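Trainee: I would like a close look at the salt bridges in this model. Please set them beside the nonpolar parts as well.

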Amino acid sequence: MKHRALLTLAALSLAALVTACATPLEAVTDHDSQYDFSRVRSVAIQPFSRTDPGAVRISDMQVARINDAISDELRRKGLQVVEDNSQADMYLTWHLVTQEKTDVRSYNSMSYYSCWRCGPSVSDVSVRQYTEGTLIVDMVDPQRNQSVWRSTIQSRLKSQPDPEEAEARRREAAEAIFADFPPK
């Protein structure tokens, strides 16, 4: 009986871990319903602002990697990514906002001696510090110089991510960001 209970507990723990690791990224979007997105064929990505006091300090390599993931997804959507603003039907700007957060969880468990459920109840507290990043992407109408579409996505950031895992996560984020673009 003890063996079966332990196997069930282990299976549930593994299922919870796999589910937590496989959580898909979901973006929140908003757009100007009066704007005609059907005429957008080309997009120019604007340079990442380093003068904004709230801008996150990321390297030129990281900016290039994010731009590449965004560009690849726009091309997959059938849009042309151009360097020259005069050739663009729309401008794209993005920025990254980070916030330090604390995850506090408490667990009630049994204290186990040499038998199942023999000990008193024990409370455990888990405290984890993490950084949450929010990627904000705006599509700007060059004629009005105003945003007509915005998408945001949030995720926990790792300080030293595996390069392949980070690349896959950037691609997944870009796909989620543009999942509803152009709006119907």
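Mentor: What follows goes from the salt bridges to the cores and then to a surface patch.

Keep in mind that this is a predicted model. A search of the whole structure finds nine salt bridges. Three of them deserve a closer look.

Start with Glu73 and Arg76. Their closest N and O atoms are 2.7 Å apart, and the two form a salt bridge. Both residues sit in helix α2, which covers residues 60-76. They are three residues apart, so about one helical turn separates them. Their surroundings are unlike in exposure. Glu73 has a relative accessible area of 6%, so it counts as buried. Arg76 is exposed, at 56%.

Next, take Arg144 and Asp141. Their side chains meet in a salt bridge at 3.1 Å, N to O. Asp141 is buried, with 4% relative accessibility. Arg144 reaches 39% and is partly exposed. The cut-offs matter here: buried means under 20%, and exposed means over 50%.

Now helix α3, residues 163-177. Glu167 and Arg170 both belong to this helix, three residues apart, which means about one helical turn lies between them. The N to O distance in their salt bridge is 2.7 Å. Glu167 is partly exposed, with a relative accessible area of 26%. This pair is also part of a network: salt bridges with shared partners join Glu167 and Arg170 to Asp72, Arg75 and Arg171.

Turn to the nonpolar interior. The largest nonpolar core holds 29 residues. Those touching the most other members are Leu74, Leu92, Trp94, Met139 and Phe178. Two or more core residues come from each of β2 (42-45), α2, β4 (90-110), β5, β6 (146-157) and α3. Helices α2 and α3 therefore appear twice in this account: each holds one of the salt-bridged pairs above, and each contributes to this core.

Follow Leu92 for detail. Leaving out residues up to four places away in sequence, Leu92 touches Val43, Ala44, Ile45, Gln46, Ile70, Leu74, Val137, Asp138, Met139 and Phe178. Among these contacts, Leu74, Met139 and Phe178 also appear in the list of core residues touching the most other members. A separate core of five residues lies apart from the largest one. Its members include Ala44, Val82, Ala88 and Val140.

Finish at the surface. Val104, Val125 and Val127 form a nonpolar patch there. Together they have about 290 Å² of accessible area. Val125 lies in strand β5, residues 121-141. At 60% relative accessible area, Val125 is exposed. Strand β5 thus holds a patch residue and also gives two or more residues to the largest core.

Terms used: Residues numbered from 1 in each chain as written. Predicted model: local features only at pLDDT ≥ 70, side-chain atom pairs only at ≥ 80, totals over all residues. Heavy atoms only, no water. Salt bridge = Lys/Arg side-chain N within 4 Å of Asp/Glu carboxyl O. Helix = DSSP H or I, 4+ residues; strand = E, 2+ residues; numbered from the N terminus. Buried < 20%, exposed > 50% of the residue type's maximum accessible area, 1.4 Å probe, protein only. Patch = residues over 30% accessible without salt bridge, like charges linked within 9 Å, V, L, I, M, F, W, Y side chains within 5 Å. Areas by Shrake-Rupley, 256 points an atom, 1.4 Å probe, with all protein chains shown as cover. Core = buried A, V, L, I, M, F, W, Y, C linked by side-chain atoms within 4.5 Å. Contact = heavy atoms within 4.5 Å.
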